[in-house]
Each structure stands twice: as C-alpha cells, then as structure tokens.
Number of protein chains: 2
Amino acid sequence: MENPNENPLPLPTIRRYPIFLRAIGEMMDAGEAFISSSVLAERLGLDPVLTRKDLAMAGVPGRPRRGYPAEELRAAINRALGWDSATDAVLVGTGSLGSALLGYAGFKEQNLSIVAAFDANPRLAGSTVHGVKVRPLAEMARLVRRLKVHLAILTVPTAAAQACAETLVEAGVRGILNFSSAQLSVPEGVIVQNVDLAQPLAVLSHAIARHG
Amino acid sequence: MENPNENPLPLPTIRRYPIFLRAIGEMMDAGEAFISSSVLAERLGLDPVLTRKDLAMAGVPGRPRRGYPAEELRAAINRALGWDSATDAVLVGTGSLGSALLGYAGFKEQNLSIVAAFDANPRLAGSTVHGVKVRPLAEMARLVRRLKVHLAILTVPTAAAQACAETLVEAGVRGILNFSSAQLSVPEGVIVQNVDLAQPLAVLSHAIARHG
DNA sequence: TCTGAATCGGTATTCAAGTAGCGATATAAA
DNA sequence: TTTATATCGCTACTTGAATACCGATTCAGA
C-alpha cells in the first residue's frame with residue numbers, strides 16, 4: 001500500500017516542517033509572496049543550507065534571488081505531512097493532560113479534529129470538555145470503527161495504556177500519539193509516537209549539571 | 001566551568017536514560033538485583049547491543065552472565081542526568097497545560113520540585129493549583145533570583161514567551177523547557193528544550209499518509 | 001545592455017549514531 | 001572438575017544527517 005512516487009523524507013526534516021509552516025504563515029500574513037531559505041533560516045535560527053535542503057524536499061522549485069512561492073510551498077509541506085485534508089482523531093483519557101490537549105488550538109492548524117473523547121471513569125461520561133463530549137470507554141471500539149478514525153491521542157495512566165492501544169488498533173487505528181510512559185507494543189504497520197516529558201527534561205538537566 | 005572528567009554522552013543516549021530508569025525501577029521492585037542489557041532491551045523493544053552501549057556509558061561495570069548491579073546502575077544514570085540531587089524549578093503560565101504539568105507526578109521521580117508558579121493574569125494570583133501557589137508575574141524575577149532557581153518550565157502563550165524567557169535568564173535561569181511554539185533566542189550558555197506537540201504529530205500523520 | 005549580488009540546487013565531505021562481529025570472562029550445570 | 005553458555009566490552013563497519021563547497025540562474029540597478 002506504500003506510495004513509491006513520494007520519496008521518503010528524512011525524519012528530522014519532517015520534524016522541522018511544522019516549525020517552517022508557522023513561520024511561513026506569519027510571513028504570508030505580513031504580505032510576503034516569496035520565502036527565501038536564508039530569510040527563513042535567519043528567522044528560525046537555523047543553518048540556511050539545511051533549511052534550503054528541507055524546503056527543496058517539498059518539491060516546489062525556487063527562484064534565484066526570490067525564493068520559494070509562499071502559497072505553493074506551504075501547500076506542498078502540508079501535503080507532505082498529510083495536513084492538506086482534514087483528519088479525524090479520538091482522545092482517550094480526559095485527565096488534566098487530556099483536558100488540556102482538548103483545548104489545544106494548534107490541532108486546527110494541522111487540520112486535525114478530535115471527534116470524540118473517552119474516559120474510563122463512568123462519572124465523567126456525559127460531561128463536555130472544551131466542546132467535546134466525554135464518552136465511556138466501552139463505546140470506544142464501536143465508535144472508532146464506525147467513524148473510521150485512524151489516529152488516537154492516548155493520555156491514560158501508564159498501567160492502562162497497553163490495553164487501550166490494543167482496543168484502538170483492533171478498531172482500526174493506525175497511529176497513536178502516546179503520552180503515557182508505557183512502551184506500547186503494537187502490530188506491524190501501526191505507528192506509535194511517544195511524547196515523553198522526561199526526555200527533554202533529561203537533556204536539560206544533564207546539560208545544566210555538566211556545565212556546573 | 002565545564003567538567004572535563006565527565007565524558008559527554010550522546011544525546012540519544014540521554015533521551016533513553018529516563019526510559020531505562022523506569023524499567024530498572026520496576027525490575028528492582030520485582031526483586032531483581034542485577035539488570036542484564038538483553039533482558040532490559042527485550043522489555044523495552046530495543047536492540048540489545050545499543051542498550052548495552054548505553055548502559056556501559058553510565059560507567060558501572062557489568063558482570064558476565066549476570067548483568068549490571070541494579071542499584072549502582074540506577075544511581076549512576078541518575079547522577080549522569082543530574083537527577084541525584086533535588087533540583088528546583090519554576091513554572092510560568094498556569095493555563096490548562098501549565099496546570100496539568102503542576103499535577104504531573106513524574107517530576108518527583110526526577111527529583112524536580114516546582115517551587116513556584118506564575119501567571120500574567122492577576123486574577124489567578126493567590127489561587128493554588130495542585131498545591132502550588134500562583135503568583136503574579138511581577139514577582140517572578142525577584143523570587144527566582146532569591147531562590148536561586150536555574151530551571152524554568154514555560155507554558156505561556158507564544159506571543160509572551162520571548163519576554164518571559166528574557167526575564168528568567170536575567171534572573172539566573174540556565175535551562176528552559178519551552179512548551180510555546182516560539183523560537184526562543186537566549187544568550188550562550190542557556191539551554192532551551194522545545195516541547196512541540198506538532199512534531200510527533202507530523203511524524204505520525206506523514207507516516208499514515210504515506211502508507212495509504 | 002551590462003554587471004553584480006543574492007539565491008537556488010547539486011555534489012562531496014565530515015560527523016554522529018546505530019549495527020555487526022568477536023574474543024574474554026564469569027557463572028551455572030554436568 | 002570440566003564444559004557449555006550467557007553476557008560483557010571492545011573494535012570495526014554502515015548508515016543517515018549535517019556541513020561545506022561551487023556552479024547555475026535570475027533579478028536589480030547602473
């Protein structure tokens with residue numbers, strides 16, 4: 001099912017794309033019709049050559065002394081990330097972190113809409129968080145399947161994460177954004193991205209500790 | 001001010017250390033006195049060789065057919081990360097994300113205590129979130145300086161981030177965990193770690209989009 | 001029209017990290 | 001006591017990404 005036309009992008013490039021998108025949007029708002037790699041790099045504190053290579057991978061030709069056409073560039077990056085068409089997602093676990101994510105405005109820019117939220121606590125069922133109705137966990141499999149949702153945001157306690165993940169995958173989910181500290185084991189073809197607060201904290205405190 | 005005795009750890013190794021620490025803790029709770037790289041790797045779904053190299057960097061010698069002494073290994077990793085002694089931090093911005101972080105239990109395991117929280121909204125001042133008193137932003141510089149806090153968690157709106165960062169650095173902060181999407185510009189020697197939700201999401205949706 | 005400067009786009013090099021292979025060693029079992 | 005084996009720890013090797021370099025292009029201004 002893989003598409004051989006699209007050449008694979010380096011992972012670091014993919015990670016930088018959202019940052020580029022924000023800056024491009026701001027520059028377009030400021031009236032710019034062309035984005036040069038040097039200006040963009042300057043703005044973001046990145047190497048201009050690295051930036052140019054990243055932009056080149058989007059496939060939009062740039063023009064000497066002008067840069068890349070802003071609108072086309074943005075569209076191409078969005079397409080590369082799969083952010084060009086609306087994507088549905090569900091959120092599982094409406095604790096404090098889950099609730100905070102339901103209010104996260106950034107998802108809209110990424111064409112991501114959270115169509116349902118679930119929680120194991122039946123007393124939360126029926127309540128509404130940031131405009132999304134919370135449903136009991138028992139309804140999850142059926143609803144995910146019916147709505148054909150392929151992306152899930154997992155903000156449940158670590159102990160519950162693996163079981164939730166299995167239910168989600170069974171129901172058709174292909175990608176999981178995992179905020180728990182469980183190491184999820186999923187079948188081939190399902191992609192898990194862990195968001196582990198301890199990792200950047202480790203980098204930070206290690207660097208501070210070393211520098212005295 | 002750099003300590004030349006400590007050899008620098010690869011960044012990926014540092015990021016894996018918190019994951020190792022959790023697993024080691026669980027295995028110790030289960031009564032294990034020795035941790036072998038193969039068992040740990042199996043448990044975490046990592047390459048055994050890679051795991052062994054990571055563990056070796058902690059500087060604790062392992063024994064053939066046994067593995068690494070659990071207690072010493074954990075202590076060494078904690079030391080490498082600067083998590084062996086208590087560290088104070090402040091949190092700036094008590095919106096929904098900031099409040100969620102104030103309730104994050106993981107900080108305790110990392111010997112990190114949030115000693116103060118600040119918010120620009122004066123109406124929030126005086127309230128208490130997860131046991132931490134919220135103070136007005138105006139008190140931040142003075143208090144950070146007085147308490148000699150070197151680490152800050154920044155959960156303010158993107159537009160306010162740069163100004164906050166400058167105040168914090170001016171007051172003595174050496175590391176910033178930045179949850180806003182601003183690209184902070186800070187003086188040399190100050191370390192910023194960005195936590196950008198859009199990045200793992202980009203990796204996820206890109207992969208899903210490619211796989212059809 | 002001519003000249004210069006900024007920018008793109010490709011190639012080559014360097015560097016860091018992950019991977020592979022293998023001998024050394026201590027432990028457990030025969 | 002001997003033997004088999006799991007594990008460590010060292011030394012290449014490979015891969016992927018960042019960096020450096022340089023020619024090609026096109027626009028702005030003289």
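**Two chains and two DNA strands**

Trainee: How much area is buried between chain A and chain B?

Mentor: The two chains bury about 5200 Å² between them, and carbon and sulfur atoms give 69% of that. Buried area here is the accessible area, found with a 1.4 Å probe, that two parts lose on being put together, summed over both. Before we go on, keep in mind that this is a predicted model, in which local features need pLDDT of at least 70 and side-chain atom pairs count only at pLDDT 80 or more, while totals for chains, interfaces and linings use all residues. Residues are numbered from 1 along each chain as its sequence is written, chains are lettered from A and ligands numbered from 1 in the order in which they are written, and side-chain values use heavy atoms, with hydrogens and water left out.

Trainee: Okay, and how many residues of each chain are in contact?

Mentor: On chain A there are 56 residues in contact with 56 residues of chain B, where contact means heavy atoms within 4.5 Å.

Trainee: How many salt bridges does the rule find across that interface?

Mentor: The rule finds two between chain A and chain B, a salt bridge being a side-chain nitrogen of Lys or Arg within 4 Å of a carboxyl oxygen of Asp or Glu. Arg22(B) and Asp196(A) form a salt bridge, with a distance of 2.9 Å from N to O. There are also ten residue pairs in polar contact between the chains, with both residues at pLDDT 80 or more. A polar contact is a pair of N or O atoms within 3.5 Å; within protein, one must be able to donate a hydrogen and the other to accept it, and residues adjacent in sequence count only if both atoms are side-chain atoms.

Trainee: Which elements of chain A supply at least two residues of the side that touches chain B?

Mentor: They are α1, α4, α5 (96–102), β8 (175–178), β9 (191–194) and α9 (198–210) of chain A. These names follow DSSP runs numbered from the N terminus, with helices (H or I) of at least four residues and strands (E) of at least two. The largest share, 13 residues, comes from α9(A). By class, that side of chain A has 34 nonpolar, 15 polar and seven charged residues; Ala, Val, Leu, Ile, Met, Phe, Trp, Tyr, Cys and Pro count as nonpolar, Asp, Glu, Lys and Arg as charged, and the others, Gly among them, as polar.

Trainee: Switching to the DNA, which residues come nearest to strand D?

Mentor: Of the 22 residues around DNA strand D, the nearest are Arg63(A), Pro64(A), Ser37(B), Arg52(B) and Arg65(B), and a residue is near a strand if one of its heavy atoms lies within 4 Å of it. Sugar and phosphate make up 70% of the atoms of DNA strand D that come within 4 Å of the protein.

Trainee: So which side chains have a polar atom by a base oxygen of strand D?

Mentor: Among them are Arg65(B), with a polar side-chain atom 2.9 Å from a base oxygen of DNA strand D, Arg65(A) at 3.3 Å and Lys53(A) at 3.4 Å.

Trainee: And what about strand C, which residues are closest there?

Mentor: DNA strand C is surrounded by 22 residues, and the closest are Ser37(A), Arg52(A), Arg65(A), Tyr68(A) and Arg63(B). An N or O atom in the side chain of Arg63(B) is 2.4 Å from a phosphate oxygen of DNA strand C, whereas Gly62(A) has a backbone N or O atom 3.0 Å from a phosphate oxygen of that strand. Arg65(B), which we met at DNA strand D, also has a polar side-chain atom 3.2 Å from a base oxygen of DNA strand C.

Trainee: Which helix gives the largest share of the surface near strand C?

Mentor: That is α1(B), with three residues, and near DNA strand D the largest share, also three residues, comes from α1(A).

Trainee: Back to salt bridges, what does Arg43(B) pair with?

Mentor: Arg43(B) pairs with Glu26(B), at 2.7 Å from N to O. Arg43(B) lies in helix α2 of chain B and Glu26(B) in helix α1 of chain B, so the pair ties together parts that are 17 residues apart in sequence.

Trainee: Is Arg43(B) buried, exposed or partly exposed?

Mentor: Arg43(B) is partly exposed, with a relative accessible area of 41%, and Glu26(B) is partly exposed too, at 43%. Buried means under 20% relative accessible area, exposed over 50%, and partly exposed in between (1.4 Å probe, protein chains only).
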